[in-house]
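New to this one? Take a look at the model below, and then we'll walk through a few of its parts together.

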Amino acid sequence: MTKRPQLDRLTDALRRTIPAGQVVTTGPQYDAGRHVWNGAVSARPGVIVRSADTAEVATAVRAARAFGVPLTVRGGGHDWAGRALSDGGLTIDLSGLRRVTVDPGTRVAEVAGGATAADLVAAAQPFGLTAATGTAGSVGMAGLTLGGGYGPLSGRFGLALDNLLSAEVVLSDGSVVTAEAEREPELFWALRGGGGNFGAVTSMRVRLHAVPTLLSGMVLYPWEQAGSVLAGLADVLDGSPDELTVQSGVLPGPDGKPVVFLSPTWSGDDVKAGERELARLSRLGTPALSQIAPATMPAMLAAIDAQFPFGRHVEIRTRSVRSLTSGVRDMLSRAGSTLTSPYSAVSVHSLHGAATRVPVGDTAFGNRDAHLMIEIIAQWEPGDPGAAAHRDWADGLADALEPEALPGGYPNLLGPDAVGQIAHAYGPHNERLLTAKHRYDPYAVFKATPLPDPSRTR
């Protein structure tokens, strides 16, 4: 932890250059700056800078380096591992930078560094446009995009990072650069999959898409049908068109018993074809609930936010598998039968279609083969005495899946202790990523999604 006199000098220096009220060490603004999605995160930064523009971010970065104080950057605050904060360090809070400007002619949005997925899709909606985001609206777009971004439109439009056109980045020396295909191409490559490890992204330009009609909803199957439904789902996923992306998994039902959920999204222009594809998902068994209808991205993201609100305690594990093999299906069934919390879930995200046609070398994202990313979410209310059991449940499923899993895992969800997975999380890109890290952040000022250990990289 930073020594108090050092922190005081840093704070004084910041207050001389950044307007009053934006450099906080206590009080409501400080508490808001350290409020993150995972209520179990207890880190208390020594000082929080609630930045109002890129110049203030640059000032804070230079000060942190000059005084040797650990630096973190908070956007949406959704990282379950709490890497937006550090005890006794300096946190740059971008949550006030949420402006989104849409150019309907070019179908491009300018997205400020603290804007959420909900901010982006709300701004695009009036123009009949939408964006490739994740599944939750409260997630910061910058953090999501830099690490990957599986979402309901991935099959047709690729991952969120595949739709990044440029990024304004504050580097560790306080300089500001624009990274895009023609300028700083190596930094642009590293940002698309390498996370926020190279600088603070204060704005981005992202590609938007015209999708006249989205069909989406929820199909729930009783638990006794889990085996046959998951087997049928495996066949659907194996041949699904780009326009159909299905999120699936295990949830506690209204009565507390587990259910299999299917949350499909059709983004194609042919609505009748979409209705036929989605109808297949309601015929995998006898649903307890089947609600599929025209939808909007803002409403879809808001539904996930309601299910996973800020403040509960969270522990996440992740594995990626090639498909829903019988072994994977058995493990998902076992996990559902042993749920320890009424808030925990297993969510299976599909990477297929357009996301698989991006050459693996074009971005730092390490796995472009078709696969399923399994998100294991242990969640419970503060004060729950069963916290250890909930964590054990998540660990148990992750361990059980390991023999069937692909090497590595999704960097946005990997915790710092997942050393074995981190070593393979970036596919063939370890050496190139670490070279970029040394070039753009030679003093390791920025720490975001976990990078591989240089000592283990040849």
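Let's start at a hairpin, keeping in mind that what you see is a predicted model. The hairpin is built from strands S8 and S9, with five residues between the strands, and Gly-174 there takes a positive phi near 90°. On either side of that turn, S8 covers residues 164-170 and S9 covers residues 176-180, and the two pair in the antiparallel sense over five bridges. If you want one bridge to look for, try Val-170, whose partner in S9 is Val-176.

Now on to a pair of helices. Two packed helices are described by the angle between their axes and the distance between the axes. For helix H1 (residues 4-17) and helix H3 (residues 54-67), the axes come within 10 Å and cross at roughly 155°. Angles over 145 degrees count as roughly antiparallel, so that is how H1 and H3 run relative to each other. The crossing of H1 past H3 is right-handed.

Which residues in H1 and H3 meet? From H1 come Gln-6, Arg-9, Leu-10, Ala-13, Leu-14 and Thr-17, while H3 brings Thr-59, Ala-60, Ala-63, Ala-64 and Phe-67. Sort the residues of this contact by character and you get seven nonpolar, three polar and one charged.

Finally, find Ser-51, in the loop between strand S2 (47-50) and H3. Is Ser-51 buried or exposed? Its relative accessible area is 3%, and buried means under 20%, so Ser-51 counts as buried. Leaving aside neighbours within four places in sequence, Ser-51 is in contact with Gln-22, Glu-56, Val-57, Ile-92, Asp-93, Leu-94 and Leu-97.

Conventions: Residues numbered from 1 in each chain as written. Predicted model: local features only at pLDDT ≥ 70, side-chain atom pairs only at ≥ 80, totals over all residues. Heavy atoms only, no water. Pairing = 2+ DSSP bridges. Helix = DSSP H or I, 4+ residues; strand = E, 2+ residues; numbered from the N terminus. Axes fitted to C-alpha atoms, helices over the stretch in contact; angles between N-to-C directions. Parallel < 35°, antiparallel > 145°, perpendicular 65-115°, else oblique. Left-handed = near helix turned anticlockwise from the far one by under 90°. Contact = heavy atoms within 4.5 Å. Nonpolar A, V, L, I, M, F, W, Y, C, P; charged D, E, K, R; others polar. Buried < 20%, exposed > 50% of the residue type's maximum accessible area, 1.4 Å probe, protein only.
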